[in-house]
Amino acid sequence: MNNTNLSIIIPVYNAQKYLAAALESIIQTKKQNYELILIDDGSTDESLKICEQYNKQFPFIKVIHQENKGVSEARNRGIEASKGKYLFFMDADDEISSSFLKKMLLTSDEYDMVECLFAKDEEEIDESVGCPEVVTANVFKRNLLNTDFKNYNGYLCNKIFLSRIIKKYNLSFLSGITVWEDLLFIMEYLTYCKRVRIVKEKLYFYRQRKNSAVHDYTKLNTMLKSKISVCKKALKYTKPFDRLFNDLIYWYIRYNLSYIKHKILDKNF
C-alpha cells in the first residue's frame, strides 16, 4: 500500500555548486511524508555523485539517471516514477523554507493547486504570517501574464499540484521547449482545476544562475523560438479575447518582431 503524501521532483544538470544546499533545505522538513526523486539529466560535473551520496544516506531519496534530454524530459521521468498524492517540482539550485511543506500542504485537500510567494537572490525568505488568498482557477489562469497581478504567475517551483489531475489527463512537459515550458504546463493544468490557494509568504528561494537557460542571453535565438512556440500552443487553453488570450497575442507578435529584427541585424544570430 502506498502512503506517500508528496513526491518532490528535481531535475539535476551540472548543479554541483548548489545541489547539496537544495537537498539539505528539503531534508530539514522530514516530518512530512514524502519521497524525493532526483533525475540526473546527463550531468558532466559531480552532480550525479552528490545525488548517489544522498541516496545512500536517505532511503526516501530515489535517483534516476538519463542521457541529457532537457529539463522537460527529466520532469516527465519524475512524474512517471512518482507515487505521491501531490507533486512539487523544485529546481536543483534553489532552496525552500523549513516550513514550506507544512504550510503548503496544510489545507491542500481543499484546493487543486497551492502557491506561495518566492524570494530572489539577495532577498530573504519571509515566513511572516500573511493572509492566504483563494481564487478560482479561471481567474488565476486569465491573469498568468498580467503584470498587475504578480501573485498569479506561471512559475512552476512555488506550487504544489495534484498528482491525480496530472495523471488522469496525461499532462506532461513539452520536450524541446527551453523557456516557458512551465507556463504552458500550468495553463493546461489549470484547465482541469476549480480552486487555487495562494500562501502569501516567501517560502521558496529562487537562485538566478547566469548560465541557466533563462539568463544565458547567448541562447537568445532558442529562447525566442521557445516563447513564440508556447504562445501559439497556449492559445487553445484560452477563450478568444479574454485577458490571457490578448496577452498571448501581444507577446506572440512582440517576440516574432524581436526574432525578425535580430535575424536581419545580427549576423551571429
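1. In this predicted model, arginine 243 is partly exposed, its relative accessible area being 36%. Its salt-bridge partner is aspartate 247, with the closest N and O atoms 3.0 Å apart. Aspartate 247 is buried, at a relative accessible area of 10%. The two residues stand four positions apart in helix H9, so about one helical turn separates them. Side chains of opposite charge can pair when their charged atoms come close.

2. Helix H9 covers residues 243-265 and also carries an aromatic contact. Tryptophan 251 and tyrosine 255 form a stacked pair, with 5.3 Å between centres and 25° between planes. Both residues belong to helix H9 and are four residues apart, about one turn of the helix. Tyrosine 255 counts as buried, with 11% relative accessibility.

3. Which residues form a nonpolar patch on the surface? The patch consists of Ile249, Tyr252, Ile253, Leu257, Ile260, Ile264 and Leu265, and together these residues have about 690 Å² of accessible area. Leucine 265 lies in helix H9 and is exposed, with a relative accessible area of 66%. Because the threshold for an exposed residue is over 50% relative accessible area, leucine 265 at 66% falls in that class.

4. The salt bridges come to eight in total. One of them joins aspartate 91 to arginine 75, with 3.4 Å between the closest N and O atoms. Aspartate 91 is in the loop between strand S4 (86-89) and strand S5 (95-96), whereas arginine 75 is in helix H3 (residues 71-81), so the contact ties together parts that are 16 residues apart in sequence. Arginine 75 is buried, with a relative accessible area of 4%.

5. A further salt bridge is formed by the side chains of glutamate 115 and lysine 159, at 2.9 Å from N to O. This pair links distant parts of the chain: glutamate 115 is in strand S6 (residues 113-120) and lysine 159 in strand S8 (residues 159-162), 44 residues apart. Is each partner buried or exposed? Glutamate 115 is buried, and lysine 159 is buried as well.

6. Arginine 75 deserves a separate point. Salt bridges with shared partners join Arg75, Asp91 and Glu181 into one network. Arginine 75 also lies over the face of phenylalanine 173, at 5.3 Å from the ring centre. Phe173 is in turn part of one aromatic cluster, together with Phe89, Phe161, Phe185 and Tyr189.

7. The aromatic pairs come to 22. Among them is the pair of phenylalanine 161 and phenylalanine 185, which is edge-to-face, with 5.7 Å from centre to centre and 80° between the planes. Phenylalanine 161 is in strand S8 and phenylalanine 185 in helix H7 (residues 181-190), so that this pair links distant parts of the chain, 24 residues apart. Phenylalanine 161 is buried, with a relative accessible area of 0%, and phenylalanine 185 is buried at 1%.

8. Strand S2 (residues 34-41) is mostly covered, with eight of its eight residues buried. Both of its faces are covered: on one side Tyr34, Leu36, Leu38 and Asp40 are buried, and on the other Glu35, Ile37, Ile39 and Asp41 are buried.

9. How does strand S2 pair with strands S1 and S3? Strand S1 (residues 6-12) pairs with S2 in the parallel sense over seven bridges. Within this pairing, leucine 38 in S2 is the bridge partner of isoleucine 10. S2 and strand S3 (residues 61-66) also run parallel and are joined by six bridges. Here lysine 62 in S3 is the bridge partner of isoleucine 37.

10. Two backbone angles merit a check against the model. Most residues other than glycine have a negative phi, and most peptide bonds are trans. Asparagine 170, although not a glycine, has a positive phi of about 50°. Asparagine 170 is located in the loop between helix H6 (163-168) and H7 and counts as exposed, at 65% relative accessibility.

11. The second such residue is phenylalanine 241, which is not a glycine and has a positive phi of about 70°. Phenylalanine 241 is found in the loop between helix H8 (220-234) and H9. Its side is open to solvent accessibility in the computed sense: phenylalanine 241 is exposed, with a relative accessible area of 65%.

Methods: Residues numbered from 1 in each chain as written. Heavy atoms only, no water. Patch = residues over 30% accessible without salt bridge, like charges linked within 9 Å, V, L, I, M, F, W, Y side chains within 5 Å. Areas by Shrake-Rupley, 256 points an atom, 1.4 Å probe, with all protein chains shown as cover. Salt bridge = Lys/Arg side-chain N within 4 Å of Asp/Glu carboxyl O. Buried < 20%, exposed > 50% of the residue type's maximum accessible area, 1.4 Å probe, protein only. Phe/Tyr/Trp six-rings, centres within 6.5 Å; stacked < 30°, edge-to-face > 60°. Lys NZ or Arg CZ within 6 Å of the ring centre and 35° of its normal. Pairing = 2+ DSSP bridges.
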